[in-house]
Amino acid sequence: MNFTVIGIIAAVLVITIGFRKIINLFIYRLIFGEYSRRYILKFKQYTRKKPHPYCFKDDFYYHILSIQKAVSCPKHYQSNKVFDFDDLTFGTTLKETLKERGKPDCFTVSEEKEVDFGVMGYKSRMFHSNEKTLLYHFNHEYFMGEYVFSSITEETAKLVVEMLKEKFHPDVEYCKNFTIVDRAGTYVYFTDTGFYLSVKFFNKDFSTIKKILDLTKENTNNGLTPLSNIKRINN
C-alpha cells in the first residue's frame, strides 16, 4: 500500500469521524435544546470550545457562594418596602425566559456533574457603563438575578449606590459589600471588587435559595467548605 492510498484512507476516516460528530451535535441540540447542559458539554467535548460566549470565566460556585455572603453580610439594611423591580419572577423556566427575552448575549453552565446550574446574560447600558443582566437557573428554574457593571469609572459606584438608596433604602451608604432586605425576604447584595460592580438579588424563602443556605450553614458548622457535597440540593 503506497503513501497516497494511506493518505486517502486517513482523510476519509477524519471526514467520517467529523461528520459523525456533527450529526451527534445536531441530534443533541434537536432533542435537548441549544441551551441545555447536555448539548453544551457535548459541544465542548467535541470542539474544546463553548457554543456560546461566557457570562464569566471564574468558578461558577464563587457566584453561588454570594448567597451565603449576602445573608451574613455585616453591613445590613432592613427595608420597610416590598421590592418591586424587573427580574424578580423567581421560578420562571429557562424556556419561558428565552421566549420572553429572546436569544441571550452569553450563556454559561457549571461543568461539575453534580448539579445543573446555568446563567444567561443580556447586555444593557446604565450610568454610561457596560452592564449585563444575569439570570441564574438551577435545573432550568430561575432563582437569582444579578446586574454586573464593568468598564467602571470613579463615578459608577456612586451612581449605583444612589440608585439603590433611592429605590430601596434611604440610609444606604457606600461600602464594598452591603445587603438590603425587604419585608418579603428579598435580598439585594452590593459588591465592589475594584474591577466590576455587582448587584445580586434573590428571595431567602425560594426553594433553591433555602437549600443552598441550609447546605452552607450545615457544612460551616461541621468544619467543611460551604458548598461541599452540593449535589444534596437536588433532593
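A polar contact is taken here as a pair of N or O atoms within 3.5 Å; within protein, one must be able to donate a hydrogen and the other to accept it, and residues adjacent in sequence count only if both atoms are side-chain atoms. The model is predicted, so local features need pLDDT of at least 70 and side-chain atom pairs count only at pLDDT 80 or more, while totals for chains, interfaces and linings use all residues. Residues are numbered from 1 along each chain as its sequence is written, and side-chain values use heavy atoms, with hydrogens and water left out.

H137 is placed in strand 4. Helices (H or I, at least four residues) and strands (E, at least two) are DSSP runs, numbered from the N terminus. H137 counts as buried because its relative accessibility is 3%. Buried means under 20% relative accessible area, exposed means over 50%, and partly exposed lies in between (1.4 Å probe, protein chains only). A polar atom of the H137 side chain lies 3.2 Å from the backbone oxygen of L135. Contacts (heavy atoms within 4.5 Å) were also listed for H137. Leaving aside residues up to four places away in sequence, H137 touches T92, T93, L94, T97, D116, F117, G118, M120, Y142 and F143.

H137 also helps to line the largest cavity. Cavities and pockets were found on a 1 Å grid over the protein atoms alone. A cavity is a set of points where a 1.4 Å probe fits but cannot get out; a pocket is an open set with protein on both sides within 12 Å along at least five of seven lines. Lining residues have an atom within 4 Å of a point. Grid points are joined across faces, edges and corners, and a volume is the space filled by probe spheres set on the points. One cavity of 30 Å³ or more was counted. The largest cavity holds about 50 Å³ of space. Its lining consists of Y35, L94, F107, V109, D116, F117, G118, H137 and H140. Strand 2 (106-109) and strand 3 (117-126) each give at least two of these residues. By class, five are nonpolar, three polar and one charged. Nonpolar covers Ala, Val, Leu, Ile, Met, Phe, Trp, Tyr, Cys and Pro; charged covers Asp, Glu, Lys and Arg; the others, Gly among them, are polar.

The largest pocket contains about 200 Å³ of space. It is lined by 15 residues, of which C55, K132, L134, V148 and S150 are the closest to its centre. Strand 3, strand 4 (129-138) and strand 5 (141-150) each supply at least two lining residues. Strand 4 gives the largest share, four residues. The pocket lining has five nonpolar, four polar and six charged residues.

One disulfide was found, defined as a pair of cysteine sulfur atoms within 2.5 Å. It joins C55 and C106, with sulfur atoms 2.2 Å apart. C55 sits in the loop between helix 2 (37-47) and helix 3 (60-64) and C106 in strand 2, so the bond ties together parts 51 residues apart in sequence. The C55 and C106 link is right-handed, with 100 degrees about the S-S bond. Both cysteines, C55 and C106, are buried.

C73 and C175 are not bonded to each other, because 6.7 Å between their sulfur atoms is too far for a bond. C73 is buried, at 8% relative accessibility. C175 is partly exposed, at 28%.

In helix 2, the buried residues are R37, Y39, I40, K42 and F43. R48 follows helix 2 and has a positive phi, near 60 degrees.
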